[in-house]
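Q: Please choose a single part of this model and take me through it closely, in connected sentences. I would like each term to be explained where it is first used.

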Amino acid sequence: MALSVEDQLEIQQLYAKYNHCLDFGRAEEWSKTFTADGTFASGPNKFQGPEALVGFANGFASRMKARHWTNNLMVEGDGSAANGTCYLQLLNLADPKSPAILTTAVYVDKLQKTGEGWRFSERAVQADS
């Protein structure tokens with residue numbers, strides 16, 4: 001069975017919540033966009049489970065003021081699992097008069113529908129450079 005329109009909308013909201021929580025330093029809430037054993041990988045770094053995810057998000061917030069800009073979301077799956085991908089532009093806002101593109105990348109995701117809704121079970125950042 002293909003994803004319902006409701007599932008697709010919920011997944012779009014998950015992608016947005018991920019960005020907002022990470023950009024505004026809401027580490028605990030950001031970690032809850034993942035399943036209990038969810039994994040986030042960026043380059044050689046891999047973070048799995050709530051404690052490691054919260055640690056990553058807190059470290060990210062302490063190092064930079066950023067905005068994640070994602071677009072061109074593609075998602076396919078069934079009623080309980082999905083694969084997603086989207087483009088990422090990470091903006092550095094350290095100098096508010098001159099925001100800069102820090103990096104561009106592609107997110108490659110595996111998603112699971114849980115009792116609390118859709119969550120990332122695996123998210124990997126594949127940098128363009």
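**The sheet and the helices on it**

A: In this predicted model, six strands make up an open sheet of mixed pairing, and reading across it gives the order β2-β1-β6-β5-β4-β3. Strands here are DSSP runs of E with at least two residues, helices are runs of H or I with at least four, both numbered from the N terminus, and two strands pair if DSSP finds at least two bridges between them. The sheet is bounded by β2 (45-48) and β3 (66-77), the edge strands, each of which pairs on one side only. Ignoring direction, neighbouring strands of this sheet are turned against each other by 20° on average, with axes fitted as lines to C-alpha atoms, for helices over the stretch in contact, and angles taken between N-to-C directions from 0 to 180 degrees.

Within the sheet, β4, which spans residues 81-92, pairs with β5, residues 100-114, in the antiparallel sense over 12 bridges, and Gly84 has Asp109 of β5 as its bridge partner.

Two helices can be placed against these strands. Helix α1 (residues 5-23) lies across β1 (34-42), β3, β4, β5 and β6 (117-127), and runs at about 60° to β6. Helix α3, made of residues 49-63, also packs on the sheet, where it touches β1, β2, β3 and β4, contact meaning heavy atoms within 4.5 Å; the direction of α3 makes about 45° with that of β1.

Residues are numbered from 1 along each chain as its sequence is written. Local features need pLDDT of at least 70, side-chain atom pairs count only at pLDDT 80 or more, totals for chains, interfaces and linings use all residues, and side-chain values use heavy atoms, leaving out hydrogens and water.
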